[in-house]
Amino acid sequence: MKKPLVAVSALTLALGGCATRGEIDQTGGITAVRSACPTVAIPAGTGDVTMFDAGTSQAESALDVIATITDLRSTCGDAGDQVNTQVTFNIIARRTRYDAARDVVFPYFITVVRGGTAVVAKRVGNVTVHFDAGQNRAQAAATGSSQIARAAATLPEDVRKELTRRRKAGDQDAAVDPLSRPEVRQAVLNATFETLVGFQLTDDQLKYNAQR
(Lines give C-alpha, C1' and ligand atoms only; values in the text may rest on other atoms or scores of the structure.)
Protein backbone atom coordinates (compact mmCIF):
# COMPACT_ATOMS: atom_id res chain seq x y z
CA MET A 1 0.00 0.00 0.00
CA LYS A 2 1.19 3.52 -0.76
CA LYS A 3 1.91 5.77 2.18
CA PRO A 4 -0.56 8.66 2.52
CA LEU A 5 0.63 12.13 1.66
CA VAL A 6 -0.73 13.50 4.93
CA ALA A 7 -1.65 12.16 8.35
CA VAL A 8 -2.84 13.84 11.53
CA SER A 9 -3.06 12.74 15.12
CA ALA A 10 -5.47 14.14 17.69
CA LEU A 11 -4.91 12.86 21.20
CA THR A 12 -4.58 16.17 22.87
CA LEU A 13 -3.06 18.51 20.30
CA ALA A 14 -1.62 21.77 19.12
CA LEU A 15 0.53 23.54 16.56
CA GLY A 16 3.24 26.16 16.09
CA GLY A 17 5.02 26.87 12.81
CA CYS A 18 8.17 26.80 10.74
CA ALA A 19 8.45 30.26 9.32
CA THR A 20 10.28 31.60 6.31
CA ARG A 21 12.64 34.54 6.43
CA GLY A 22 13.89 37.09 3.96
CA GLU A 23 17.50 38.15 3.49
CA ILE A 24 19.06 40.89 1.38
CA ASP A 25 21.13 39.27 -1.37
CA GLN A 26 24.49 40.93 -2.14
CA THR A 27 23.47 41.26 -5.79
CA GLY A 28 20.58 43.51 -4.77
CA GLY A 29 17.70 41.05 -4.60
CA ILE A 30 15.81 39.47 -1.72
CA THR A 31 16.26 35.79 -0.96
CA ALA A 32 13.29 33.95 0.58
CA VAL A 33 14.08 30.79 2.53
CA ARG A 34 11.34 28.19 2.06
CA SER A 35 10.75 25.32 4.49
CA ALA A 36 8.91 22.04 3.95
CA CYS A 37 7.39 22.53 7.40
CA PRO A 38 3.74 23.63 7.40
CA THR A 39 2.63 26.95 8.76
CA VAL A 40 0.72 26.40 12.01
CA ALA A 41 -2.19 28.63 12.97
CA ILE A 42 -5.70 28.98 14.38
CA PRO A 43 -8.30 29.76 11.68
CA ALA A 44 -10.27 32.98 12.20
CA GLY A 45 -13.40 32.48 14.28
CA THR A 46 -12.37 29.11 15.76
CA GLY A 47 -10.00 30.13 18.55
CA ASP A 48 -12.70 30.66 21.18
CA VAL A 49 -16.08 29.21 22.07
CA THR A 50 -19.02 30.54 24.09
CA MET A 51 -21.49 28.16 25.69
CA PHE A 52 -24.92 29.12 26.99
CA ASP A 53 -27.41 27.40 29.27
CA ALA A 54 -29.74 24.88 27.64
CA GLY A 55 -32.13 26.58 25.24
CA THR A 56 -31.73 29.07 22.43
CA SER A 57 -31.09 32.23 24.43
CA GLN A 58 -27.76 33.97 23.90
CA ALA A 59 -28.45 36.67 26.44
CA GLU A 60 -25.71 37.59 28.89
CA SER A 61 -27.79 36.12 31.72
CA ALA A 62 -27.67 32.71 29.96
CA LEU A 63 -23.87 32.67 29.63
CA ASP A 64 -22.37 29.42 30.92
CA VAL A 65 -18.73 28.88 29.85
CA ILE A 66 -16.22 30.80 27.71
CA ALA A 67 -13.00 29.14 26.51
CA THR A 68 -10.00 30.24 24.44
CA ILE A 69 -7.11 28.42 22.76
CA THR A 70 -3.78 29.95 23.78
CA ASP A 71 -0.02 29.28 23.63
CA LEU A 72 -0.14 27.48 20.26
CA ARG A 73 3.34 26.12 19.61
CA SER A 74 4.98 23.59 17.35
CA THR A 75 8.22 21.82 16.55
CA CYS A 76 8.92 20.46 13.09
CA GLY A 77 11.32 17.84 11.76
CA ASP A 78 11.83 17.80 8.01
CA ALA A 79 15.06 15.85 7.66
CA GLY A 80 13.50 12.55 6.56
CA ASP A 81 10.94 11.36 4.03
CA GLN A 82 8.13 12.56 6.32
CA VAL A 83 7.71 16.09 7.66
CA ASN A 84 6.54 15.64 11.25
CA THR A 85 5.02 18.54 13.15
CA GLN A 86 4.33 18.22 16.88
CA VAL A 87 1.88 20.74 18.27
CA THR A 88 0.81 21.90 21.72
CA PHE A 89 -1.73 24.38 23.05
CA ASN A 90 -3.68 25.31 26.17
CA ILE A 91 -7.39 25.83 26.64
CA ILE A 92 -8.26 28.44 29.24
CA ALA A 93 -11.90 28.40 30.36
CA ARG A 94 -14.07 30.57 32.59
CA ARG A 95 -17.52 29.72 33.96
CA THR A 96 -20.23 31.90 35.47
CA ARG A 97 -21.47 29.51 38.18
CA TYR A 98 -18.76 27.84 40.21
CA ASP A 99 -20.28 26.49 43.43
CA ALA A 100 -19.74 22.79 42.51
CA ALA A 101 -16.93 20.88 40.83
CA ARG A 102 -17.45 20.30 37.13
CA ASP A 103 -15.82 18.85 34.00
CA VAL A 104 -16.39 20.57 30.64
CA VAL A 105 -15.47 18.80 27.38
CA PHE A 106 -14.30 20.92 24.45
CA PRO A 107 -14.17 19.31 20.98
CA TYR A 108 -11.34 20.60 18.78
CA PHE A 109 -9.93 19.79 15.37
CA ILE A 110 -6.53 19.53 13.77
CA THR A 111 -6.47 19.71 10.01
CA VAL A 112 -3.94 19.89 7.19
CA VAL A 113 -4.70 22.28 4.32
CA ARG A 114 -2.91 22.20 0.98
CA GLY A 115 -2.65 25.21 -1.29
CA GLY A 116 -4.63 27.43 1.06
CA THR A 117 -8.03 25.85 0.37
CA ALA A 118 -7.93 22.03 0.07
CA VAL A 119 -8.44 20.12 3.34
CA VAL A 120 -6.46 16.92 2.90
CA ALA A 121 -6.68 15.51 6.45
CA LYS A 122 -8.69 16.23 9.57
CA ARG A 123 -9.07 14.70 13.02
CA VAL A 124 -11.42 15.73 15.82
CA GLY A 125 -10.52 15.22 19.48
CA ASN A 126 -11.70 16.30 22.93
CA VAL A 127 -10.06 18.18 25.77
CA THR A 128 -11.59 18.05 29.25
CA VAL A 129 -11.18 21.06 31.53
CA HIS A 130 -11.77 20.34 35.23
CA PHE A 131 -13.11 23.02 37.58
CA ASP A 132 -12.78 22.47 41.31
CA ALA A 133 -15.62 23.62 43.57
CA GLY A 134 -15.48 27.39 43.97
CA GLN A 135 -13.11 27.77 40.99
CA ASN A 136 -14.29 29.93 38.10
CA ARG A 137 -11.16 29.60 35.92
CA ALA A 138 -9.29 26.48 34.81
CA GLN A 139 -7.13 25.26 31.98
CA ALA A 140 -5.94 22.08 30.28
CA ALA A 141 -3.08 21.29 27.89
CA ALA A 142 -3.31 19.39 24.62
CA THR A 143 -0.82 17.87 22.18
CA GLY A 144 -0.94 16.31 18.76
CA SER A 145 0.81 16.04 15.42
CA SER A 146 0.59 16.19 11.67
CA GLN A 147 2.65 14.31 9.10
CA ILE A 148 3.23 15.28 5.47
CA ALA A 149 5.18 13.42 2.81
CA ARG A 150 8.32 15.44 2.14
CA ALA A 151 7.96 14.82 -1.59
CA ALA A 152 4.54 16.50 -1.56
CA ALA A 153 5.97 19.60 0.18
CA THR A 154 8.96 19.90 -2.16
CA LEU A 155 8.94 22.06 -5.27
CA PRO A 156 9.70 20.31 -8.57
CA GLU A 157 13.29 20.93 -9.65
CA ASP A 158 12.34 22.91 -12.77
CA VAL A 159 10.10 25.22 -10.73
CA ARG A 160 12.76 25.71 -8.08
CA LYS A 161 15.31 26.65 -10.74
CA GLU A 162 12.89 29.10 -12.32
CA LEU A 163 12.23 30.80 -8.98
CA THR A 164 15.89 30.99 -7.95
CA ARG A 165 17.42 31.82 -11.34
CA ARG A 166 19.40 35.05 -11.19
CA ARG A 167 18.04 37.80 -13.40
CA LYS A 168 20.10 40.78 -14.50
CA ALA A 169 18.87 44.24 -15.35
CA GLY A 170 18.27 44.41 -19.05
CA ASP A 171 17.27 40.76 -19.41
CA GLN A 172 14.01 40.34 -21.30
CA ASP A 173 12.28 38.76 -18.28
CA ALA A 174 14.14 40.65 -15.55
CA ALA A 175 11.01 42.48 -14.41
CA VAL A 176 8.67 39.51 -14.76
CA ASP A 177 7.62 37.82 -11.53
CA PRO A 178 7.88 34.04 -12.12
CA LEU A 179 4.84 33.59 -9.84
CA SER A 180 2.79 35.42 -12.45
CA ARG A 181 3.02 32.26 -14.55
CA PRO A 182 0.02 30.04 -13.71
CA GLU A 183 1.99 26.78 -13.81
CA VAL A 184 4.65 28.13 -11.42
CA ARG A 185 2.09 29.61 -9.05
CA GLN A 186 0.12 26.35 -9.00
CA ALA A 187 3.25 24.30 -8.30
CA VAL A 188 4.07 26.52 -5.32
CA LEU A 189 0.51 26.19 -3.99
CA ASN A 190 0.60 22.40 -4.38
CA ALA A 191 3.76 22.24 -2.27
CA THR A 192 2.46 24.60 0.44
CA PHE A 193 0.78 23.13 3.53
CA GLU A 194 -0.78 24.52 6.71
CA THR A 195 -1.58 22.71 9.94
CA LEU A 196 -4.58 24.35 11.59
CA VAL A 197 -6.17 23.85 14.99
CA GLY A 198 -9.36 25.26 16.48
CA PHE A 199 -12.53 24.47 18.38
CA GLN A 200 -14.95 22.16 16.57
CA LEU A 201 -17.86 24.57 16.73
CA THR A 202 -21.54 24.04 16.07
CA ASP A 203 -23.27 26.17 13.43
CA ASP A 204 -24.75 28.37 16.17
CA GLN A 205 -21.35 28.83 17.82
CA LEU A 206 -19.74 29.77 14.50
CA LYS A 207 -22.53 32.28 13.85
CA TYR A 208 -22.14 33.76 17.32
CA ASN A 209 -18.37 34.24 16.82
CA ALA A 210 -18.93 35.85 13.42
CA GLN A 211 -21.53 38.30 14.71
CA ARG A 212 -19.79 39.50 17.85
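## Notebook: cores, rings and links

**Entry 1. The main core.** I looked for the largest nonpolar core and found that it has 20 residues. The residues with the most contacts inside it are A67, F89, I91, A93, F106, V129 and F199. Next I listed the elements that give two or more residues to this core. They are strand 5 (48-52), strand 6, strand 7 (82-95), strand 8 (102-114), strand 9, strand 10 (137-149) and strand 11 (193-199). I noted a general point beside this: in soluble globular proteins, nonpolar side chains tend to be buried together. I am working from a predicted model.

**Entry 2. One core residue up close.** Which residues does V129 touch, if I do not count those up to four places away in sequence? I found I91, A93, R102, D103, V104, F106, A138, Q139 and A140. Another core lies apart from the largest one. This other core has 10 residues, and I wrote down V83, V112, A121 and A152 among them.

**Entry 3. The whole fold.** I stepped back and counted the elements. The protein has 3 helices and 11 strands. Along the sequence I read the pattern β-β-β-β-β-β-β-β-β-β-α-α-β-α. I then checked burial: of the 212 residues, 34% count as buried. For contacts, I took those with a separation of 6 or more. Residues 24 or more positions apart account for 70% of them.

**Entry 4. Aromatic pairs.** How many aromatic pairs does the structure hold? I found 3. One of them is F52 with Y208, whose ring centres are 5.3 Å apart. Their planes stand at 80 degrees, so I logged the pair as edge-to-face. The cut-off I used for that label is over 60 degrees. This pair links distant parts of the chain, with F52 in strand 5 and Y208 in helix 3. The two residues are 156 residues apart. Is F52 buried or exposed? F52 has a relative accessible area of 18%, so I put it down as buried. Y208 has 22%, so Y208 goes down as partly exposed. The line between those two labels is 20%.

I turned to F89 and Y108 next. Their ring centres are 5.5 Å apart and their planes are at 75 degrees, so this pair is edge-to-face. F89 is in strand 7 and Y108 is in strand 8, 19 residues apart. I checked both for burial: F89 is buried, and so is Y108. F89 had come up already, as one of the residues with the most contacts inside the largest core.

**Entry 5. A charge over a ring.** I also looked at the ring of F109. The charged end of K122 sits over this ring, 5.3 Å from its centre.

**Entry 6. The disulfide.** I searched the whole structure for disulfides and got 1. C37 is joined to C76, with an S to S distance of 2.0 Å. What is the handedness of the link between C37 and C76? I read -95 degrees about the S-S bond, and the link is left-handed. It ties together distant parts of the chain, 39 residues apart. C37 is in the loop between strand 3 (30-33) and strand 4 (39-41), while C76 is in strand 6 (residues 63-77). I checked accessibility at both ends. C37 is at 8%, so C37 counts as buried. C76 is at 24%, so C76 counts as partly exposed.

**Entry 7. H130.** I found H130 in strand 9 (residues 118-131). Its relative accessible area is 42%, so I marked H130 as partly exposed. Which side chains have polar contacts with the side chain of H130? D103 does, at 2.5 Å. D132 does too, at 2.8 Å. Leaving out residues up to four places away in sequence, I listed what H130 touches: A101, R102, D103, Q135 and A138. I took one distance as well. H130 and A101 are 29 residues apart in sequence, and 7.6 Å apart in space, C-alpha to C-alpha.

**Entry 8. Q205.** Where is Q205? I placed Q205 in helix 3 (residues 203-211). Y208 from Entry 4 is in helix 3 as well. Q205 has 18% relative accessibility, so Q205 counts as buried. I left aside its neighbours within four places in sequence and looked for contacts. Q205 is in contact with V49, T50, M51 and Q200.

Conventions:
Residues numbered from 1 in each chain as written. Heavy atoms only, no water. Buried < 20%, exposed > 50% of the residue type's maximum accessible area, 1.4 Å probe, protein only. Contact = heavy atoms within 4.5 Å. Disulfide = S-S within 2.5 Å. Polar contact = N/O pair within 3.5 Å; in protein donor to acceptor, adjacent residues only side chain to side chain. Core = buried A, V, L, I, M, F, W, Y, C linked by side-chain atoms within 4.5 Å. Phe/Tyr/Trp six-rings, centres within 6.5 Å; stacked < 30°, edge-to-face > 60°. Lys NZ or Arg CZ within 6 Å of the ring centre and 35° of its normal.
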